[in-house]
Amino acid sequence: MSTESTDSASESREAPEAATRPPAPGSWRERLRGRSELGVSVLLLLVGVLVLSDTFTMETVADQRGPVGPRTVPIVVGVSLLVVAVVLAVDVLRGGRGESDQGEKAGSEPADWRTVALLAGIFLAAAVLIEPLGFPVTGALLFWGSAYALGSRNFSRDPLIAAVLSMATFAAFNTLLGVPLPGGPLMGVL
Amino acid sequence: MRQRTLLSLLGATLLVLIGPPLITTGSGAETGTNIPGLQFMVPNTPGGGYDITARTAAKDAEDAGLNHNVEVFNLPGAGGTVGLTRLVNERGNGKLAMSMGLGVVGAVRTNDSPSTLADATPIARTVEEPNIVVVSKDSKYKTFEQLLADWKKKPGSLPVGGGSSAGGPDHLAPMLMARDAGIEPKSVNYVPFDGGGELLASVLGGKVAFGISGISEYRDQIESGELRLLAVTGKERIDGFDAPTLKEAGMDVEFTNWRGIMAPPGLPEAQRAKLIHFFDELHRSPQWRKSLKRNGWDDAYLTGEKYRRFLEAQDKRVQSVLKEVGK
Amino acid sequence: MESLSSLLDGFGTALTPLNLLWAAVGVLLGTAIGVLPGIGPAMAVALLLPVTYGLDPIGAFIMFAGIYYGGMFGGSTTSILLNTPGESAAVVTAIEGNPMAKSGRGSQALAAAAIGHFAGGMIGTILLVALAPTVASLAVDIGAPDYFAIMVLAFIAVTSVLGSSRVRGFAALLIGLTIGLVGLDQMTGQQRLTFGSLQLSDGIDVVIVAVGLFAIGEALWVAAQAHRTAGESIPVGQPWLGGSDLRRTWKPWLRGPAIGFPFGAIPAGGAEIPTFLSYVTEKRLSRHKNEFGKGAIEGVAGPESAASASAAGTLVSLLTLGLPTTAVAAVMLAAFQQYGIQPGPLLFEREPDLVWGLIASLFVGMVLLLVLNLPMAPVWAKLLRVPRPYLYAGILFFAAVGAYAVGGEAIDMVILLIIGVLGLMMRRFGLPVLPAIIGVILGPNAEQQLRRALQISDGSVTGLVNTPFAVTVYVVIAVLLAWPWLRRLAGGRGRSPEGRGGPGGDGGDGGPGGGDSTGGDGGDDGVQDKEDAKV
């Protein structure tokens, strides 16, 4: 996980430049991007080590029958992760590239990591605030914040849309479905 | 423009702050049995056993006029211990009750849960249900004695299917039977299934030598002759079925699955008494009587101190079984 | 023919105005809930259970069936339009449906899904009427070794959706398998990868994984490219299916039930596996293999039909045996018990009105769904005209609601976000998302069946191959794997370029990977050759 975050941090630093200037093939940036895929390899390696270490620290129990116990599958998965990590690293070093969602070469397009970080932060904040502030407030903030992060700047319309959507969802869950969501600080006061 | 923004912000804020209390139905005043804002927590998924008991109790209480509005919510996870942990953290909250049962007693032990049932306040045991020993209609075992004789000879090659994981009711019953029959607990070949429904296919198809489950799930299949009922684990025979209890079959084992209600720890005496009074009244209501009959539950009402001692005894029994199988 | 007259009586029950109303309410609610990410049909039925307390049993079950079928349908709408499946059974639909929507063929994809859903449901329900007792008794004969054999076959099938770079496909599959490991071991109850957290001990719900990888991952991915695509709006395109579309879709519509229906009747984990197998089959049989991954309409039609037919198959086991094969069925079983009705062998005799009314209402519900949704397809497609910030803010909002409402635990939102970031990373580095989801679904299932089979056989490995069914499946697998060599022996030559996968990233393709991949593609080549010969 840690390699992932440092990796994306380095991406965000170069993002503004990348946005203004398309990367020339074969430039230093191109090579760096090629190397950034090695991060995936390192991540797979770490996950493999994690799975294996978790498996070997597992307590053993007696009532296993046959050759397959609670450790067998994790060991297979863990070892495969290590193998794939190595194979992927070799592939990347040889110049292999993953094909991203839209059929473009992975990492060849400039990316806006600031927006992503903003969205993730808003989502995380919503998870933290939902208990103290209640669902309607948090939901509205989540919607408005996300729309803002994604480029919407209509300050007289956006908050209302967010509030109505959040409130309607709360009402639907609370009254229609009978799923109690936290109501907020004024519950029980009014 | 700025003014419109301000207005919009103001409107939105008012809506999300004042809206929730306005649309939530009032829970009435605190009177005889009414506990405003009472919540039932269900520690497993919707549709499961604890869920049905809790929702039935909530609805019957409302219908019987005991309470205006009881909210039921699910907090599933780890055999009920996620819910139990939350309950224990809600110290002193007299408006929360958790639906639970024997399965939670086992899950606390198998999951090494940080919170145990001794940390919570026992309110009442509500219903119980005997387990049954069933085989498919094509099985070579016609009586429990035949099955037992074979089981003693080669326990490993007679897989026992149950609808709960280790420590759950369907696991405890065969283990107690094996202990009484002198079968080494570790040699019992227990195959866990994800609930009685998934187990059913394996019993019907003869994939397991015999199955252990609750009677209510299999009543119909037994009546239609698809399954053969060999024995009942409870104290008495089940009406309408010609199968012996384990005692009649010569075993010193009596086992029933049960469900009950727990409350958070640290309740003032008045609040504890009020919750017990609530369930007393529910137990007495005709609505609850009807629900018992409809669901095929046996009444097993037990409250307060007696229920606490019962819980302790159950916990010891569960631990002794789990120790034998090495958990 | 007795069942036919009973069915007619059933229509008498289902077509009363009140029951028609419940059916309509059911399919509408189901569709609405299915559209929201994170709330699948099981959750919908469970949540609406208390709402129906006031209804009579027949009305309640007609409504439930409507919710079930409607929920299965609704899941595919957002899957196609926004690449955000509302529930896990609709994941496969996104693979071809979303590229179609992106290239302006969203309405066609929606129409193919709606008709596929209708066809699958109709055929499935007819099979339910005709074959219920037979299928049910066959389903009971299938045991753990047989399930494991099917899982092995499904794993072989995964190799054909690994994408252009096999090593990245395998990496994605392994990520999925790792997520699937989290939780208590099903057989012994030991903690695996839970790090002592009780919250993780039931594993990570596949719905959370699907919504996280697809919906959150997609929203973040769009955000990462926001400045580049901000002004563009997605073309909505022509609303109706053309003749060439119909020629390509009618066979997949009819083939879907052949895969979906039997899978629904057995406890093999719901509609995910049959939809996936249907997709792989369509990919293999299609004449337009090169379009797969870029918006092949067969890849929408087949899986949707299979998903719908599997719902009918589920009802077979539920109604005739009282055997719930999916989460929805388990909730419906509980609902039956709430009304003091025990589904099982005697249900057809004891409650003929209810059962036949319910079955007839399935036909009615199916027609309602088609009538409601086919004209709606172009309207839904206009959803794409909603400004992007609102669209994706809405997806994040509803995904959060779905994750939070299930357990009322904020930690579930955090898990969802982490998986969403994983989904973003996978998109960024070209790891395909589908194998990861398949890994989450297949991994735990396959392990459980393998170990259950070994447990039942008391540890003997022969317990895996001691049924005719399992042996048959392994023979099929062996033939599939050996196909390329068999063909070479027969003097065949000339691998088609499509069969080999894309040019990129094959450098590191190791021995075992290569072996698997030829297995997965063997069938393709056979069909492809025939096509070539014709041309």
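**Exercise 1. The surroundings of A:Met58**

Determine which residues A:Met58 is in contact with, leaving aside its neighbours within four places in sequence.

*Solution.* The model under study is predicted.
Step 1. A:Met58 is located in the loop between helix 3 (38–56) and helix 4 (72–93) of chain A.
Step 2. Apart from neighbours within four places in sequence, its contacts are A:Pro70, A:Arg71, C:Gln190, C:Gln191 and C:Arg192.
Step 3. The relative accessibility of A:Met58 is 8%, so this residue counts as buried; the cut-off for buried is under 20%.
Step 4. A:Val116 stands 58 residues from A:Met58 along the chain, and 37 Å separate the C-alpha atoms of the two residues.

**Exercise 2. An aromatic pair between chains**

Classify the ring pair of A:Phe143 and C:Tyr390, and state why the pair joins two chains.

*Solution.* Step 1. Over all chains, the structure holds 16 aromatic pairs.
Step 2. The ring centres of A:Phe143 and C:Tyr390 are 6.1 Å apart and the planes stand at 20°, so the pair is stacked; the cut-off for stacked is planes under 30 degrees apart.
Step 3. Because A:Phe143 belongs to helix 6 (residues 135–149) of chain A and C:Tyr390 to helix 17 (residues 388–407) of chain C, the pair joins two chains.
Step 4. A:Phe143 counts as buried because its relative accessibility is 4%, and C:Tyr390 counts as buried because its value is 12%.
Step 5. Ring pairs link both residues into a cluster with A:Phe135, C:Phe397 and C:Phe398.

**Exercise 3. An aromatic pair within chain B**

Decide whether the aromatic pair of B:Trp258 and B:Phe310 is stacked or edge-to-face.

*Solution.* Step 1. The pair measures 5.1 Å centre to centre, with 70° between the planes, and is edge-to-face.
Step 2. B:Trp258 lies in strand 9 (residues 256–263) of chain B and B:Phe310 in helix 11 (residues 304–324) of chain B; the pair links distant parts of the chain, 52 residues apart.
Step 3. Both B:Trp258 and B:Phe310 are buried.

**Exercise 4. Two helices of chain C**

Establish how helix 13 and helix 16 of chain C are oriented to each other, and which residues meet.

*Solution.* Step 1. Chain C has 21 helices and 2 strands, and 67% of its 535 residues count as buried.
Step 2. Helix 13 (residues 298–321) of chain C packs with helix 16 (residues 352–381) of chain C at an angle of about 175°, their axes being 12 Å apart.
Step 3. The two helices, 13 and 16 of chain C, are therefore roughly antiparallel; the cut-off for this class is over 145 degrees.
Step 4. From helix 13 of chain C, C:Ser308, C:Leu315 and C:Leu319 meet C:Val355, C:Leu358, C:Ile359, C:Leu362 and C:Met366 of helix 16 of chain C.
Step 5. The residues of this contact comprise 7 nonpolar, 1 polar and no charged.

**Exercise 5. Covered elements of chain B**

Find how many residues are buried in strand 8 of chain B and in helix 7 of chain B.

*Solution.* Step 1. Strand 8 (residues 227–232) of chain B is mostly covered, with 6 of its 6 residues buried.
Step 2. This strand 8 pairs with strand 4 (residues 121–136) of chain B in the antiparallel sense over 5 bridges, and B:Val133 stands opposite B:Ala231 in strand 8 of chain B.
Step 3. Helix 7 (residues 195–204) of chain B is also mostly covered: 9 of its 10 residues are buried, among them B:Gly196, B:Glu198 and B:Leu204.
Step 4. After helix 7 of chain B comes B:Gly206, which has a positive phi near 70°.

How values were computed
Residues numbered from 1 in each chain as written. Chains lettered and ligands numbered in written order. Predicted model: local features only at pLDDT ≥ 70, side-chain atom pairs only at ≥ 80, totals over all residues. Heavy atoms only, no water. Buried < 20%, exposed > 50% of the residue type's maximum accessible area, 1.4 Å probe, protein only. Helix = DSSP H or I, 4+ residues; strand = E, 2+ residues; numbered from the N terminus. Pairing = 2+ DSSP bridges. Axes fitted to C-alpha atoms, helices over the stretch in contact; angles between N-to-C directions. Parallel < 35°, antiparallel > 145°, perpendicular 65-115°, else oblique. Contact = heavy atoms within 4.5 Å. Nonpolar A, V, L, I, M, F, W, Y, C, P; charged D, E, K, R; others polar. Phe/Tyr/Trp six-rings, centres within 6.5 Å; stacked < 30°, edge-to-face > 60°.
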